[in-house]
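User: I should be grateful for a close look at the site of the bound ligand in this model, together with the parts of the fold to which that site belongs. Please set it out as one connected account.

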Amino acid sequence: MAAIEMKNIVKRYGDGFPAVNDVSIDVADGEFVILVGPSGCGKSTLLRMIVGLEDITEGEMVIGGKVVNDLAPRERNLAMVFQNYALYPHLSVYENIAFPLRLAKADDKTVDEKVREASRTLELDEHLERKPGNLSGGQRQRVAMGRAIVRDADAFLFDEPLSNLDAKLRGQMRSEISRLQKKLGITTVYVTHDQTEAMTLGDRVAVLKRGLLQQLATPRELYGNPGNLFVAGFIGSPPMNFLPATVTGTSVELPFGTVEISPEKAERAADKGLLIAGIRPEAFEDASVVDPSRKGSTFRATVDVVEWLGNEAYAYIPFEAPPEVREQLEQLERDLDGEALRTQLVVGLDGSSTIAEGDEAEIWVDTSKMHLFDPATGENLTVDRANAGEISQAATGRPAD
Ligand SMILES: Nc1ncnc2c1ncn2[C@@H]1O[C@H](COP(=O)(O)OP(=O)(O)O)[C@@H](O)[C@H]1O
Ligand SMILES: [Mg+2]
């Protein structure tokens, strides 16, 4: 096993456009790191440069303490784990796992030892004589991993291995991969465009946008302390609400009324003019079900629609955003390849709430969970840097400290 250090990696394809632009990511020995971002942000290119399938334009790729820029893929001792269909249908599970060893001309005794050891770890013992076509999706994925294990690879690399599966199977496979990675303790880099996959699988997650690293942090850090609007909008489902906000002293004027924030937060957002407030749906609550001792602010607003899901509910409250905010959110929408500009607030409510459509409801909000973004740069002005992992300078639009 080995650590992987990506140092100021740049990839320019023929037309000179940097598909990967000065990206530095350290993956510790045994760590599980996810590369996530919308389609075209450079995830696969970066992964292919780790494996050696793509030349590195600038920067250094260091694996196990050794610069590998000029090493061929087979000299790097890494295992790319492909989707199910990369298994040979006419070979047994045993021979599928043994395949890399046969290629390397290992003797039968070595093959047998290694295959049986991998099969024990992967709980495939009773399936060794079966053909891949007769296995479940999870079992097939384990066979694919078995192939990587027998090679004693220094690291596993996955490129969107679950993207072709239906939602239920994807969920099962996700937990399978997570369990196996922990059990094997092998350094892993995993590419996905799916933020749920990123959040549930990774020790740390690297969020990329157009070839630029935005933030490298644990799932909790990303969720609680996104460094900029892009990360805030990308991570979380249902997504964070974005609202126009003006800060005066410790008061924040939102479309629905004025709420109070802490002096520390207020200071960081002072004299900045019109800002974008980011508040996740679950930071809100029906004021009538909140313990009065809980700190927060309340406002009254007319609820347009309520979706009741039993354990929780979502209330939708329309609002208007001024052009400066709309513009930034439209840009964000293009960057995210998805929805960001919403003209309704999504408020999470406890399932016991009786707020109904058309009500003028009293809504409570935990303003300690509110972020304030600079609309010009997208920077999160109120981020708690001690709990945000690494926020890339390129992501904040600020010059290096
Ligand atoms: N072989 C190639 N030649 C030219 N441009 C490429 C090539 N492969 C990828 N790109 C471009 O590089 C960027 C990143 O692509 P890719 O790494 O595949 O993104 P992702 O995996 O995040 O969807 C895209 O703009 C893509 O069009
Ligand atoms: Mg890709």
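Analyst: The account below begins with the ligand and then moves outward to the sheets and loops. The model is a predicted one, and the description should be read accordingly.

Ligand 1 is surrounded by Y13, A19, S39, G40, C41, G42, K43, S44 and T45. By class, the residues of this shell divide into 3 nonpolar, 5 polar and 1 charged. Helix α1, which spans residues 43–51, gives the most to the shell, with 3 residues.

Three side chains come within polar-contact distance, taken here as a pair of N or O atoms within 3.5 Å. In Y13, an N or O atom of the side chain is 3.3 Å from a nitrogen atom of ligand 1. The side chain of S44 places an N or O atom 2.8 Å from an oxygen atom of the ligand. For T45, a polar side-chain atom lies 2.5 Å from an oxygen atom of ligand 1. Taken alone, ligand 1 exposes 560 Å², of which the protein buries 57%.

Helix α1 also connects the site to a sheet. The helix lies across β3, β6, β7 (155–159), β8 (187–192) and β9, and runs at about 150 degrees to β7. These strands belong to an open sheet of 7 strands, in the order β6-β7-β8-β3-β9-β10-β22, with mixed pairing. The edges are taken by β6 (78–81) and β22 (390–391); each has a single partner strand, so one side of each is left without a neighbour in the sheet. Within this sheet, β3 (residues 32–36) and β9 (residues 204–209) pair in the parallel sense over 4 bridges. In that pairing, V33 stands opposite R204 of β9.

Another group of strands involves the start of the chain. Strand β1 (residues 4–12) runs antiparallel to β4 (residues 58–63), and 5 bridges join the two. M6 has M61 in β4 as its bridge partner. Strand β4 is in turn joined to β5 (residues 66–67) by 2 bridges, again in the antiparallel sense, and here I63 has K66 as its bridge partner. Together β4 and β5 form a hairpin with 2 residues between them, and G64 in the turn has a positive phi of about 55 degrees.

A further open sheet has 5 strands in the order β13-β12-β11-β14-β21, with antiparallel pairing. Its edge strands are β13 (257–260) and β21 (371–373), each with a single partner strand, so one side of each is left without a neighbour in the sheet. From one strand to the next the twist averages 40 degrees. At one end of the order, 3 bridges join β14 (residues 274–279) to β21, the two strands running antiparallel. One of the paired positions is G278, whose bridge partner in β21 is H371. Helix α10 (residues 323–336) lies across β11 (241–248) and β14, and runs at about 50 degrees to β14.

Two loop positions complete the picture. The peptide bond from S237 to P238 is cis, with omega near -5 degrees; P238 lies in the loop between α8 (229–234) and β11. K105 has a phi near 60 degrees, a positive value in a residue other than glycine. The place of K105 is in the loop between α2 (93–103) and α3 (108–122).

To return to the site itself, α1 is the helix that gives the most residues to the shell around ligand 1, and this helix lies across several strands, among them β3 and β9.

Terms used
Residues numbered from 1 in each chain as written. Chains lettered and ligands numbered in written order. Predicted model: local features only at pLDDT ≥ 70, side-chain atom pairs only at ≥ 80, totals over all residues. Heavy atoms only, no water. Near = heavy atom within 4 Å. Polar contact = N/O pair within 3.5 Å; in protein donor to acceptor, adjacent residues only side chain to side chain. Areas by Shrake-Rupley, 256 points an atom, 1.4 Å probe, with all protein chains shown as cover. Nonpolar A, V, L, I, M, F, W, Y, C, P; charged D, E, K, R; others polar. Pairing = 2+ DSSP bridges. Axes fitted to C-alpha atoms, helices over the stretch in contact; angles between N-to-C directions. Contact = heavy atoms within 4.5 Å.
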